[in-house]
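Visitor: I'd like to poke at the labels people put on a model like this one. Can you take me through the reasoning behind them?

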Amino acid sequence: MELKQETICENTLEIIQKYYRLNTEPLFSVLADDCVWMGTGNVLASGAAAIRGFF
């Protein structure tokens with residue numbers, strides 16, 4: 001997915017809606033290599049590859 005400044009709110013909404021429908025690819029396609037994922041149950045991952053590993 002290509003993110004654009006003009007449509008960032010719509011893009012974010014679409015990514016979140018797809019994520020909750022168990023379609024993680026739109027989220028994974030825009031993760032940065034230096035991002036951080038914080039989840040419930042002491043889940044903490046640093047980097048896109050580590051985040052993909054949880055799924």
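Guide: Sure, and let's start with Val30, which touches Met1, Leu3 and Ile15, leaving aside residues up to four places away in sequence. Bear in mind that this is a predicted model.

Visitor: What makes those touches count as contacts?

Guide: The cut-off is heavy atoms within 4.5 Å. Take Ile15 as one of the partners: Val30 and Ile15 are 15 residues apart in sequence, with their C-alpha atoms 9.5 Å apart. Val30 itself is in the loop between H2 and strand S1 (36-39).

Visitor: Why is Val30 called partly exposed?

Guide: Its relative accessible area is 26%. Buried means under 20% and exposed means over 50%, so Val30 at 26% falls in between and gets the middle label.

Visitor: And where do Met1 and Leu3 turn up again?

Guide: Together with Ile8, Met1 and Leu3 make a nonpolar surface patch of about 230 Å². Ile8 belongs to helix H1.

Visitor: How do you know that Ile8 qualifies for a patch?

Guide: A patch residue needs over 30% relative accessible area. Ile8 has 38%, so it passes that test while still counting as partly exposed.

Visitor: Back up a bit. What is the overall layout?

Guide: Along the sequence the pattern is α-α-β-β-α, from three helices and two strands. The C-alpha trace spans about 35 × 25 × 15 Å along its principal axes. Of the 55 residues, 22% count as buried. The accessible surface comes to about 4,300 Å², and 55% of that belongs to carbon and sulfur atoms.

Visitor: How do you know that the length of helix H1 agrees with what is expected?

Guide: H1 covers residues 8-20, which is 13 residues. The expected span is 1.5 Å times one less than the number of residues, so H1 should span 18 Å, and its end C-alpha atoms are indeed 18 Å apart.

Visitor: What makes Lys18 and Glu14 a salt bridge?

Guide: The rule asks for a side-chain nitrogen of Lys or Arg within 4 Å of a carboxyl oxygen of Asp or Glu. Here the closest N and O atoms are 3.1 Å apart, so the pair qualifies. A search of the whole structure finds one salt bridge.

Visitor: Where do the two partners sit in the helix?

Guide: Both lie in H1, four residues apart, about one turn of the helix. An α-helix has 3.6 residues a turn, so residues three or four places apart point the same way. As for exposure, Lys18 is at 28% and counts as partly exposed, and Glu14 at 30% is partly exposed too.

Visitor: Why is the Tyr19 and Tyr20 pair called edge-to-face?

Guide: There are two aromatic pairs by the ring rule, and Tyr19 with Tyr20 is one of them. Ring centres must lie within 6.5 Å, and planes over 60 degrees apart count as edge-to-face. This pair is 5.2 Å centre to centre with 80 degrees between the planes, so both tests are met. Ring pairs link Tyr19, Tyr20 and Trp37 into a cluster.

Visitor: Are those two tyrosines buried or exposed?

Guide: Tyr20 has a relative accessible area of 65%, which is over 50%, so it is exposed. Tyr19 has 23%, so it is partly exposed.

Visitor: What makes Thr24 buried?

Guide: Its relative accessible area is 19%, and the cut-off is under 20%, so the label is buried. Thr24 is in the loop between H1 and helix H2 (25-28), and touches Tyr19 and Phe55, again leaving out residues up to four places away in sequence.

Visitor: Which phi angles made you look twice?

Guide: Leu22 has a phi near 70 degrees, positive in a residue other than glycine. Asn42 is not a glycine either, and its phi is about 60 degrees. Most residues other than glycine have a negative phi, and most peptide bonds are trans.

Visitor: Where are they, and why is each one called exposed?

Guide: Leu22 sits just after H1, in the loop between H1 and H2. Asn42 is in the loop between S1 and strand S2 (43-46). Exposed means over 50%; Leu22 has 77%, so it earns the label, and Asn42 with 79% does as well.

Notes:
Residues are numbered from 1 along each chain as its sequence is written. Side-chain values use heavy atoms; hydrogens and water are left out. Rings of Phe, Tyr and Trp (its six-membered ring) pair if their centres lie within 6.5 Å; planes under 30 degrees apart count as stacked, over 60 as edge-to-face and the rest as tilted. Buried means under 20% relative accessible area, exposed over 50%, partly exposed in between (1.4 Å probe, protein chains only). Patches are made of residues with over 30% relative accessible area and no salt bridge: like charges are joined within 9 Å, nonpolar side chains (Val, Leu, Ile, Met, Phe, Trp, Tyr) within 5 Å. Accessible areas come from the Shrake-Rupley method with a 1.4 Å probe; for residues, only the protein chains shown count as cover.
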